[in-house]
4 protein chains.
Amino acid sequence: MPPRLSKIERRQQLIEAALRAFGAKGFHGTQVTDIIKEAGVARGTFYLYFDSKRALFDELVEDIYQRVRAVIKPINKKDIGKIPGEILGNIERATTLLLENPLLIKIFFSDAVGLDADFDSKLREYYNLILEKIRGGLTHGQRMGIIGEGDVEILSLCLMGSLKELLYQHFLGTHKAPLKKIVEEVYRIVLHATLHPDMVKYMRKVT
Amino acid sequence: MPPRLSKIERRQQLIEAALRAFGAKGFHGTQVTDIIKEAGVARGTFYLYFDSKRALFDELVEDIYQRVRAVIKPINKKDIGKIPGEILGNIERATTLLLENPLLIKIFFSDAVGLDADFDSKLREYYNLILEKIRGGLTHGQRMGIIGEGDVEILSLCLMGSLKELLYQHFLGTHKAPLKKIVEEVYRIVLHATLHPDMVKYMRKVT
Amino acid sequence: MPPRLSKIERRQQLIEAALRAFGAKGFHGTQVTDIIKEAGVARGTFYLYFDSKRALFDELVEDIYQRVRAVIKPINKKDIGKIPGEILGNIERATTLLLENPLLIKIFFSDAVGLDADFDSKLREYYNLILEKIRGGLTHGQRMGIIGEGDVEILSLCLMGSLKELLYQHFLGTHKAPLKKIVEEVYRIVLHATLHPDMVKYMRKVT
Amino acid sequence: MPPRLSKIERRQQLIEAALRAFGAKGFHGTQVTDIIKEAGVARGTFYLYFDSKRALFDELVEDIYQRVRAVIKPINKKDIGKIPGEILGNIERATTLLLENPLLIKIFFSDAVGLDADFDSKLREYYNLILEKIRGGLTHGQRMGIIGEGDVEILSLCLMGSLKELLYQHFLGTHKAPLKKIVEEVYRIVLHATLHPDMVKYMRKVT
DNA sequence: TATGAATGAGGCTTCATTCAT
DNA sequence: TATGAATGAAGCCTCATTCAT
């Protein structure tokens, strides 16, 4: 009775159902029953496409991570004047991606946290890869005199933490500012907190 | 075998065992069995002190929250010159508390997240209360010309997010800077990101 | 191993296993384990068909009650001469039903008694509905001069009590008279205890 | 702190507490905790006086049984004219005893039923002893021409069933007729149902 | 490929009883 | 004799996964 779908479509259908279910109730709060009801398939069908509930979740998280990475472009360090704009672009694209897919935020920032030791270390790895990009940018910027003094380690954590918090609170509905506003403000804060005083002129231009 | 401890001590013993267990394996990963083994008491004893595994966890989280709140002192807004120092004090005390009790961080930032809808909303409430303090301080600061322009809502989220991230990464072991260093750096960033340019002279004094 | 049975059959199989188990050991003496062993299914299967051990028991009792009610027909009060025969028919049908299903008796009269306050009040309700029928019949009979004087309330309780006791003792094996004998004798007693002296001629006819 | 009581008083205190507790919630619904709270003693104290919750319950039931037996006097079969009065006396005393101690009814008729196979057979024994008395009286009465024809076995079960039902419903509150009324009516029914027609004149005298 | 009934290990909680003080 | 903290066997229910059709 469920319209015959190709293997890929059926798989996608299950992934989307799981996304909604995990997003709504978290990993532990979601039962396989919830997912198959949402997808409108039988229990056995689920295991035709995924090895386990956990395997599906892992896949979901990995996918989210890849999508985030994909929108973060390396910054062209040759042209100083363009750097702020490129940073801004990265922030904007990542933020847009996640804000447009609130469930991704919920799952990545909340369900995926504290699942178990194995998973936590994988998650840490993900964050580290993103952090490295930020760190790399900052270090480079300091060497070039764009970025002001300060501990790059800590600074990058603060940047990531800020972004995570903004996204998470946005998802929670506590703070429903429009995307554009968020991006602008984050950008302003980031630059204030990081830019070398002499660079403020570039900053103004962009904002 | 051990009616050696007073009721209060036994309770404390269980709380500490639970703290370790939850900290190590998260709420779902921790069985009552783990807690009682850790504490060295019988199964029934656990339920003599707590209604359920969940009730104990709730108590733990509530307790952490209360301890954090307790170290955050209201800022005396009369003496402008002292404000940065008082902010610094708050950051320092909260940070110290959590860094000295890494399990608190793990539980509050990770296990407690995404547990279920009910709990999430309670957690959100907690964060809101802390956010309100930050927001209040920033707003007041702006009116007095201490804090620069910018969206207070977003700024406060960034500040909290930064702190959370630093603490969490510290717990994860990714970033094991000494307490003093963290506090200083956070303070520097916070002020850079928030202070009105004219206030920089006060900032220098403190750092 | 057995997806041999239809959902309805499996359900019935479980009901019968439960009937035997409850009949043999009472509600508290019966574990879910007993029922599933008796039925030869796995633990989870039980909960596939019933919400809980208690829910199954409730259903059983409700079902017994419905079956008893179903055999008790309203008495046609137009034809005086037929009334005794119709009363006799009701007694006979109810008695037959229960004697043929001794476990029903055990469960309804014994296991179900004193289970808890909620259940007791439901049971009371059941008995009241049956009592009302008896009371109604007696009152009507008195108005028509068929039934002799006497407190209808008390009389109806005695009638029901007599029947309950006979059935229960029959189940206990204390008194294993054949069904026909029991029905006749009950009928005789009931009529002696209730009939108006002038009605004795009708009574003789039937017996 | 509980006023020093003699062993016997403390025991009695526990028995009364248990009577109330069992009466209110049944055997299974009553926890040792309920009894000791009601009695105001410590947990260990309970086991100083009774081997187990069950042992206490058994004792209670045995005691009820003895008290009922004690009020049922043998009937002097010499003087025909006095027999109805003596029967009436027995009914009256037994009824009075139980109606004055509603908890006894609840426990004996409800909690004690269906407890387990062992107990059920003991209970059956009790009832048999009482039934034997009734049966004996009826048989004797038939031989002397006082009691009419009919199966004594069945008749005696009906009598006991009637009494049990009246008492039970009285306890349940469904039927709160005054003691005197109940006794009279039962007596009337019993005699109607059992007496030889020629004996009606004696009956009238007593009522 | 799809179904959904069946499985059973796993985990939570209860409560009668014990025992050190 | 009294206490009450501690015990742990027992029992209920859940839910991810399997498998016969």
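Start with chains D and C selected together: the area buried between chain D and chain C is about 3,400 Å², and carbon and sulfur atoms give 62% of it. Keep in mind as you click around that this is a predicted model.

**Stop 1: the D–C contact**

Colour the side of chain D that faces chain C, then pick out Ile154(D), Leu157(D) and Glu165(D). Those three supply 16% of the area that chain D buries against chain C, more than any other three residues. If you select by contact, you should get 36 residues on chain D and 37 residues on chain C.

Zoom in on Glu165(D) next. Its side chain meets that of Lys164(C) in a salt bridge, with N to O at 2.9 Å. The count of salt bridges between chain D and chain C is 2, and 5 residue pairs are in polar contact, both partners at pLDDT 80 or more.

Which elements of chain D give two or more residues to the side that touches chain C? Switch to cartoon and select α6 (102-111), α7 (117-143), α8 (152-172) and α9 (179-194) of chain D; these are the ones. Now highlight α8(D) by itself: the largest share of that side, 14 residues, comes from this helix. Colour the side of chain D that touches chain C by residue class and you get 14 nonpolar, 11 polar and 11 charged residues.

**Stop 2: the B–A contact**

Hide C and D for a moment and bring up chains B and A. Chain B and chain A bury about 3,500 Å² between them, with 62% of it on carbon and sulfur atoms. On the chain B side, select Ile154(B), Leu157(B) and Glu165(B): they lose the most area to chain A, together 16% of what that side buries. The contact takes in 36 residues from chain B and 36 residues from chain A.

Where should you look for a salt bridge here? Go to Lys164(A) and Glu165(B), which form one, their closest N and O atoms 2.9 Å apart. Between chain B and chain A the count is 2 salt bridges, and there are 5 residue pairs in polar contact, both at pLDDT 80 or more.

For the helices, select α6 (102-111), α7 (117-143), α8 (152-172) and α9 (179-194) of chain B, each of which supplies at least two residues of the side touching chain A. Of these, α8(B) gives the most, with 14 residues. By class, the side of chain B that touches chain A divides into 14 nonpolar, 11 polar and 11 charged residues.

**Stop 3: DNA strand E**

Turn everything back on and select the protein around DNA strand E. There are 38 residues around the strand, and Tyr49(A), Arg10(C), Gly44(C), Thr45(C) and Tyr49(C) come nearest. Colour that surface by class and it shows 16 nonpolar, 12 polar and 10 charged residues.

Which helices should you highlight around the strand? Take α1 (7-29) and α3 (43-49) of chain A, α3 (43-49) of chain B, α1 (7-29) and α3 (43-49) of chain C, and α3 (43-49) of chain D; each supplies at least two residues of the surface near DNA strand E.

Now flip the view and look from the strand's side. Of the atoms of DNA strand E within 4 Å of the protein, 64% belong to sugar or phosphate, and the rest to bases. Two phosphate stops are worth labelling. At Tyr49(A), a polar side-chain atom lies 2.7 Å from a phosphate oxygen of DNA strand E. Thr45(C) also has a polar side-chain atom 2.7 Å from a phosphate oxygen of the strand. For a base, jump to Arg43(D), where a side-chain N or O atom is 3.4 Å from a base oxygen of DNA strand E.

**Stop 4: one chain, one residue**

Isolate chain A for an overview of the fold. You'll find 10 helices and 0 strands. Of the 207 residues of chain A, 51% count as buried. Among its contacts between residues at least 6 apart in sequence, 62% join residues at least 24 apart.

Finish inside chain D at Thr95(D), which sits in helix α5 (residues 83-100). Is Thr95(D) buried or exposed? It counts as buried, because its relative accessibility is 2%, with the cut-off for buried being under 20%. To see what surrounds Thr95(D), leave aside neighbours within four places in sequence and show Leu163(D), Leu167(D), Leu179(D), Ile182(D) and Val183(D), which are in contact with Thr95(D).

Key
Residues are numbered from 1 along each chain as its sequence is written. Chains are lettered from A and ligands numbered from 1 in the order in which they are written. This is a predicted model: local features need pLDDT of at least 70, side-chain atom pairs count only at pLDDT 80 or more; totals for chains, interfaces and linings use all residues. Side-chain values use heavy atoms; hydrogens and water are left out. Contact means heavy atoms within 4.5 Å. Buried area is the accessible area (1.4 Å probe) that two parts lose on being put together, summed over both. A salt bridge is a side-chain nitrogen of Lys or Arg within 4 Å of a carboxyl oxygen of Asp or Glu. A polar contact is a pair of N or O atoms within 3.5 Å; within protein, one must be able to donate a hydrogen and the other to accept it, and residues adjacent in sequence count only if both atoms are side-chain atoms. Helices (H or I, at least four residues) and strands (E, at least two) are DSSP runs, numbered from the N terminus. Ala, Val, Leu, Ile, Met, Phe, Trp, Tyr, Cys and Pro count as nonpolar, Asp, Glu, Lys and Arg as charged, and the others, Gly among them, as polar. A residue is near a molecule or strand if one of its heavy atoms lies within 4 Å of it. Buried means under 20% relative accessible area, exposed over 50%, partly exposed in between (1.4 Å probe, protein chains only).
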